[in-house]
Amino acid sequence: MMESALVALPVILPLGLALVAWMGRRSPVVSRSILIAGTALILAAAVALFLAVRAAGGPLRLDLGGWERPVGITFKVDLLSALLVVVSATVAFAGALFAAGEIGRLLWAKGYGTFSFLLFTGIHGAFLTNDLFNLFVWFEVMLMSSFAMLVLGRRRHVFEGATQYVVINMVSSFFFLTGLGILYGKTGHLNLEEVAARLVASGSDPVILSSATLLLIAFGIKAGVFPLYFWLPPAYPNTGYATAAVFGGLLTKVGVYALFRVFGGAFGFLSGYTSGIFLLVGVATMIAGVLGAASQFHVRRILSFHIVSQIGYILLGLGLMTQGAIAAALFYTVHHIFVKTNLFLAAGAIASTGRTEDLAKLGGLLKATPLLAILFLIPALSLGGIPPLSGFFAKFLLIREAMREEAWIVTAIALLVGVVTLFSMTKIWSEAFWKDSPRKGGPLSLCRRSLLLLPVAFLGLLTLLIGLFPGSLISLADEAARQLLATNPATLSTSP
Amino acid sequence: METLAAILIGLLAGSGALLLLRGGLFRILLGLALLAQAANLLVFTAAGLGRGDTAIIAEGSETLPADHPDPLAQALVLTAIVISFGSLAFCLVLLKKTRARIGAAGVPALANTES
C-alpha cells in the first residue's frame, strides 16, 4: 500500500501543486516559495520512490483505479523510470531556483509556476506509465504546458520558433496516434507487457513493422533526431532562461526515453530492422548537430544544436543494442540532462550579466564574474568529454561498446564529434569570458542576480560527483539496462 | 466497409499533409485538423467497424457478441478528439498572434529558422 502510494506521488504531487501555485500566483514572493518548496518536495518523493524500487529489486506496479492488468492502466516503475524521475525532479529544483531569480511579477501572475508543475506532471507520467495510450496522454499534458511556457514571456523572437514547435509536435502526435492505433488493432492491447507477449506470436509482420515505423517517427520528432530536429534550434533559444534550461535538459530526453522503452523493450525483437536505422540516424544526428553549432554565434543557439548532436550519441546505444551499450546510453542520458540544463542556466547568467547573447558583443566576463567563469567551465568541459568529468565516462563507455561491436566508422565519428564539441565550448569561453568587452564600461555586475549562480553551482557539483565517483551510476545504469532488455519479447521467448 | 474507411483515412491524411506543406495560417490549421481526424478515424477503424449498437453486455451473457466493435477504441478516440481539439485551439491563437506580430509573411515562412 505504502509502495503504491509512492509510485503515484511524482505525478499527483506536481498536479496538486499546480493548483496551489495558481492560487498564489498574484504574489511573486509566494509564487517563488511555492515553486522552490514544491520542487524540493517532488525531489524528495522521487528519491523515496527510487530507494523503494532499489530495495524491491524489481519493478513496482500500481494499477490505477484498482483495475488490474490487462484491463486497466498500469504504472510500472523499473530502475530506468525511477532513475529518470529523480534526474527530472533534480532539474526541476535547479530550474525553480533559477526562475526565482529570473522571473518577474508579470510572468508569475500569468501562471509560470502552475505551468511548470503541469510540465513535470506530464514528464513524470510519461516516465512511469506502462501503457501506450497513457503515454500519449502524458505527452500531450507535457506538450500543452510547454507550449504555454514557451510563449508566456512573449519575447520578441519567440513566435516564429513557437509556431514551428507547436505545429511539428501536433504532427508528431498524429504519427503517435496512428502508430498505436494500428498496434491496438493488431494486438488488442496497449499495455506494453501484454503487447510484448502478443508480439512474440505474430513475429515481424508488415502491420507491426508499419506501426513500429510510425512510432519511430513520432518519438524521433520529439527527441529531435536527424532529419526531424529542425524545429528545435529556433524554438529553445528565444524563450526564458529557466524555461529553456528545463526544455533543453528534459523534453527531448522524454522522446529518447520513449524510444528506449518501446524499441529496447516491447519492439526489441525488431532490432534487426531498427538497429541499422538507429546507427545511421545517430551518426547523422551527431554530425548535423555539431556542424550546426559550429556555425552559430549566439550562446543558446550553439547549445541547442549541441542537444541535437548529443541525442545522436545516445541513439548509438539503441543501434548497438547490447546490454553494455544500453547502459552506456542511459549513463549518457543522465549526464547529458544535468550538463545541458547547467549550460543553459549558465548561458542565462551570461546573458543577464552581459545583457546580450551575441558572442561578438559579449566579453570581459572572466574579470567581471570569475565565479561564473569557473561554473561555466565545469559543464562545458564535461560536454566535451574531458576527464575526470561525467562526460568523459559517458563517451568512454559508449565508444568502448562501439569498439567491442567492431563498429569502427561509428567509433571514429563519435571521437571526431567530441573534438568539434570542445571547439564550440572554447568558442563561447574565449569570446564571452576571455576577450575584452567590446563595449565601453564593461559588462554589468551580477550583484542582484547572484541567486542565479546557485543552481548552476548545484548542477556543477552533481557533474563533478558523477565524474569523481562514476562507479555507482555505471552499475545503476547496467541494472536498469538489464531490466529494460528483460521486457524484450525476444528474450522472453528464449528464457523460460 | 473497412476498405471504404481506409480510402477515407488516406484522403484525409493526404489532404492534411498537402495543406500543411502549402503553408499559411488557415491552411496550416485546416491541415492539422484533417490529420487529427485521419488519426482518430484510423484508431476507430483498427478496432473493427460494426452496426450501431450499445456496448452493454446483454443480461445472462458474460461478454459482448463476437462481432461487436471494441468499445475501448471508441473511448480512446473520444480522448484523442478532446486532446486534438484543445491543441488546435491553442494553435489557432498562437498563429493569430504570430501573424499580428510579424505579419502574414511570418506564418508560411516556417522554413526560415535562422532569424
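Guide: Welcome! Helices are DSSP runs of H or I with at least four residues, strands are DSSP runs of E with at least two, and both are numbered from the N terminus. The model in front of you is predicted.

Visitor: In which loop does A:P227 have its place?
Guide: Start with the bond leading into this residue: from A:F226 to A:P227 the peptide bond is cis, with omega near 0 degrees. That catches the eye because most peptide bonds are trans. As for its place, A:P227 sits in the loop between α9 (206-223) and α10 (232-235) of chain A.

Visitor: What is omega for the bond that joins A:P387 and A:P388?
Guide: Look in the loop between α16 (370-384) and α17 (390-404) of chain A, where A:P388 is found. The bond joining A:P387 and A:P388 is cis, and its omega is about 5 degrees.

Visitor: Is A:M321 buried or exposed?
Guide: You will find A:M321 in the loop between α13 (299-320) and α14 of chain A. Its phi is positive, about 60 degrees, although A:M321 is not a glycine. A residue is buried if 20 or more other C-beta atoms lie within 10 Å of its own. A:M321 has 20 such neighbours inside 10 Å, so A:M321 counts as buried.

Visitor: And A:E406, is that residue buried or exposed?
Guide: A:E406 has a positive phi of about 60 degrees and is not a glycine. Its place is the loop between α17 and α18 (408-434) of chain A. The cut-off for an exposed residue is 12 or fewer C-beta neighbours. With 8 other C-beta atoms within 10 Å, A:E406 is therefore exposed.

Visitor: What radius of gyration does chain A have?
Guide: Chain A is built with 21 helices and two strands, and its C-alpha trace spans about 70 × 55 × 40 Å along the principal axes. For 496 residues, a compact globule would have a radius of gyration near 23 Å. Chain A agrees with that expectation, at 22 Å.

Visitor: What share of the 496 residues in chain A is buried?
Guide: First, a word on how the chain folds back on itself: among contacts between residues at least 6 apart in sequence, 80% join residues at least 24 apart. The buried share of chain A's 496 residues is 64%.

Visitor: How do α3(A) and α14(A) lie relative to each other?
Guide: These are residues 79-102 and residues 323-354 of chain A, and their axes are 11 Å apart. Their contact includes A:L83, A:V87 and A:F98 from α3(A), and A:L330, A:V334 and A:I337 from α14(A). By class, that contact has ten nonpolar, two polar and one charged residues. The helices pack at an angle of about 5 degrees, and they are therefore roughly parallel.

Visitor: What is the order of the elements in chain B, from the N terminus on?
Guide: Chain B has three helices and zero strands. Buried residues make up 26% of its 115 residues. With no strands to place, the order from the N terminus on is α-α-α.

Visitor: How far apart are the end C-alpha atoms of α3(B)?
Guide: The helix has 32 residues, and at 1.5 Å a residue these should span 46 Å. The model agrees with this, because the end C-alpha atoms are apart by 46 Å.

Visitor: Which elements are included in what covers the buried residues of α3(B)?
Guide: Among the buried residues of α3(B) are B:A73, B:L76, B:I83 and B:C91. Their cover comes from both chains, and it includes α2 of chain B together with α6 (132-152) and α7 (158-187) of chain A.

Visitor: Which helix gives the most to the side of chain B that touches chain A?
Guide: The contact takes 26 residues from chain A and 29 residues from chain B. On the chain B side, α2 (25-46) and α3 (71-102) each supply at least two residues. That side divides into 20 nonpolar, seven polar and two charged residues. With 15 residues, the helix that gives the most is α3(B).

Visitor: How far apart in space are B:D67 and B:G50?
Guide: B:D67 is in the loop between α2 and α3 of chain B, and this residue is exposed, with 9 other C-beta atoms within 10 Å. In sequence, B:D67 and B:G50 are 17 residues apart. In space, C-alpha to C-alpha, their separation is 7.3 Å.

Note on methods
Residues are numbered from 1 along each chain as its sequence is written. Chains are lettered from A and ligands numbered from 1 in the order in which they are written. This is a predicted model: local features need pLDDT of at least 70, side-chain atom pairs count only at pLDDT 80 or more; totals for chains, interfaces and linings use all residues. Two residues are in contact if their C-beta atoms, placed from the backbone, lie within 7 Å. Ala, Val, Leu, Ile, Met, Phe, Trp, Tyr, Cys and Pro count as nonpolar, Asp, Glu, Lys and Arg as charged, and the others, Gly among them, as polar. Axes are lines fitted to C-alpha atoms, for helices over the stretch in contact, and angles run from 0 to 180 degrees between N-to-C directions. Angles under 35 degrees count as roughly parallel, over 145 as roughly antiparallel, 65 to 115 as roughly perpendicular and the rest as oblique. The expected span of a helix is 1.5 Å times one less than its number of residues. The radius of gyration is taken over C-alpha atoms; the globule rule is 2.2 Å times the number of residues to the power 0.38.
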